[in-house]
Amino acid sequence: MPFRPVCREDELRPGEGRLVEIDGKLIALFRAEGGLHAVEATCLHAGGPLHEGTLDGTTVTCPWHEWRFDVATGRCEMNPMVSLARYPVRVRGGMIEIEV
């Protein structure tokens with residue numbers, strides 16, 4: 001699958017999350033600890049909007065029921081049996097691109 005541009009690199013500040021959509025797929029994009037990470041946008045517990053969660057290091061806390069996920073690995077701290085889908089991210093020509 002090709003990488004798709006989603007926003008300019010300077011539009012996403014450190015510690016910030018953003019909701020992006022590629023071909024109908026909702027993805028939460030984060031700039032965490034100097035890296036860019038893209039994961040599925042909804043919490044696996046109750047469908048909360050992860051891009052609106054609090055980011056601490058690479059851990060995002062869902063704003064609905066406080067489930068925590070590592071955006072770098074997709075792993076859930078609350079239930080190690082589940083993980084978020086992750087997507088490759090790169091920067092090219094000042095644009096953040098995600099491969100879906």
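The legends below accompany several views of one predicted model.

**View 1. The whole chain of the predicted model, an all-strand arrangement of 10 strands and 0 helices.** Followed along the sequence, the pattern reads β-β-β-β-β-β-β-β-β-β. The radius of gyration is 13 Å, close to the 13 Å that the globule rule gives for 100 residues, so the chain is as compact as a globular protein of that length. Along the principal axes, the C-alpha atoms fill a box of roughly 40 × 25 × 20 Å. Among contacts between residues at least 6 apart in sequence, 40% join residues at least 24 apart.

**View 2. The largest nonpolar core, which has 15 residues.** The residues with the most contacts inside this core are F30, L50, V60, F69 and V71, and strand β3, covering residues 25–32, gives the most to it, with 3 residues. Apart from this core lies another, of 10 residues, which includes V20, L29, A38 and I98. In soluble globular proteins, nonpolar side chains tend to be buried together.

**View 3. The surroundings of V71, one of the residues with the most contacts inside the largest nonpolar core.** When residues up to four places away in sequence are not counted, V71 touches F30, A32, H37, V39, L55, T58, V60 and R86.

**View 4. The surface of the chain, with an exposed area of about 5,600 Å².** Carbon and sulfur atoms supply 46% of this area, while 38% of the 100 residues count as buried. The chain carries 11 positive and 15 negative charges, and the mean positions of these two sets are 5 Å apart.

Methods:
Residues are numbered from 1 along each chain as its sequence is written. This is a predicted model: local features need pLDDT of at least 70, side-chain atom pairs count only at pLDDT 80 or more; totals for chains, interfaces and linings use all residues. Side-chain values use heavy atoms; hydrogens and water are left out. Helices (H or I, at least four residues) and strands (E, at least two) are DSSP runs, numbered from the N terminus. The radius of gyration is taken over C-alpha atoms; the globule rule is 2.2 Å times the number of residues to the power 0.38. Buried means under 20% relative accessible area, exposed over 50%, partly exposed in between (1.4 Å probe, protein chains only). Contact means heavy atoms within 4.5 Å. Accessible areas come from the Shrake-Rupley method with a 1.4 Å probe; for residues, only the protein chains shown count as cover. Lys and Arg count as positive and Asp and Glu as negative; His and the chain ends are not counted. The place of a charge is taken as NZ of Lys, CZ of Arg, CG of Asp or CD of Glu. A nonpolar core is a set of buried Ala, Val, Leu, Ile, Met, Phe, Trp, Tyr and Cys residues joined through side-chain atoms within 4.5 Å.
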